[in-house]
Amino acid sequence: MSFFSVIIPLYNKECFIENTLKSVLSQTFTAFEVIIINDGSTDKSEEKALQFKDSRIRYYSKENGGVSTARNFGIDKAKSVYITFIDADDYWYPTFLESIPFFLYFFRLLRSYILKEVPLI
């Protein structure tokens, strides 16, 4: 099972989606799924996204309803415990996903300390 579900809402980003997907698929942390939701694009976004053949990618298409409905659609399809979003015109450095488990652990530890559950070393 994937640790993260990476949700990418896609609407008319044909010039950017390839670089976005390359940055996601180049992550050093590889336990993730990618959920692309084409939110009614009228350009070649779909064609560009479908060029990527990776078993971690799931692609959905729906009528345009806005970025919020696309994200919510992606959440409904997610199979992982943790969900993260990236817009179709954004870029992640290769270690982005790798850093998140550290912060999850750190904030859990900090919360426990604040609630006096465990001593902070």
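**View A. Glu33 and its salt bridge in the predicted model.** Glu33 counts as buried, because its relative accessibility is 7% and the limit for that class is under 20%. In this predicted model, the side chain of Glu33 meets that of Arg58 in a salt bridge, with an N to O distance of 2.7 Å. The pair links distant parts of the chain, since Glu33 belongs to strand β2 and Arg58 to strand β3, 25 residues apart.

**View B. Salt bridges of Asp54 and Arg71.** The whole structure contains 6 salt bridges, including the two shown here. Asp54 and Arg56 meet through their side chains at 2.9 Å, N to O; Asp54 is partly exposed, at 23% relative accessibility. Arg71 pairs with Asp87, and their closest N and O atoms are 2.7 Å apart. Arg71 is in helix α3 and Asp87 in the loop between β4 and α4, so this salt bridge ties together parts 16 residues apart in sequence. Arg71 is partly exposed, at 23% relative accessible area, as is Asp87, at 28%.

**View C. The open sheet and its helices.** The sheet consists of 4 strands with parallel pairing, in the order β3-β2-β1-β4. Strands β3 (57-62) and β4 (82-85) each have a single partner strand, so one side of each lacks a neighbour in the sheet. Strands β1 (residues 4-10) and β4 are joined by 4 bridges, and Ile7 has Phe85 in β4 as its bridge partner. Helix α1 (residues 17-25) packs on the sheet and touches β1, β2 (32-39) and β3. Helix α3 (residues 67-77) lies across β1, β2, β3 and β4, at about 140 degrees to β2.

**View D. A nonpolar surface patch.** Phe102, Phe103, Phe106 and Phe107 together expose about 430 Å² of accessible area. Phe107 is located in helix α4 (residues 96-114).

Definitions and conventions. Residues numbered from 1 in each chain as written. Predicted model: local features only at pLDDT ≥ 70, side-chain atom pairs only at ≥ 80, totals over all residues. Heavy atoms only, no water. Patch = residues over 30% accessible without salt bridge, like charges linked within 9 Å, V, L, I, M, F, W, Y side chains within 5 Å. Areas by Shrake-Rupley, 256 points an atom, 1.4 Å probe, with all protein chains shown as cover. Salt bridge = Lys/Arg side-chain N within 4 Å of Asp/Glu carboxyl O. Helix = DSSP H or I, 4+ residues; strand = E, 2+ residues; numbered from the N terminus. Pairing = 2+ DSSP bridges. Contact = heavy atoms within 4.5 Å. Axes fitted to C-alpha atoms, helices over the stretch in contact; angles between N-to-C directions. Buried < 20%, exposed > 50% of the residue type's maximum accessible area, 1.4 Å probe, protein only.
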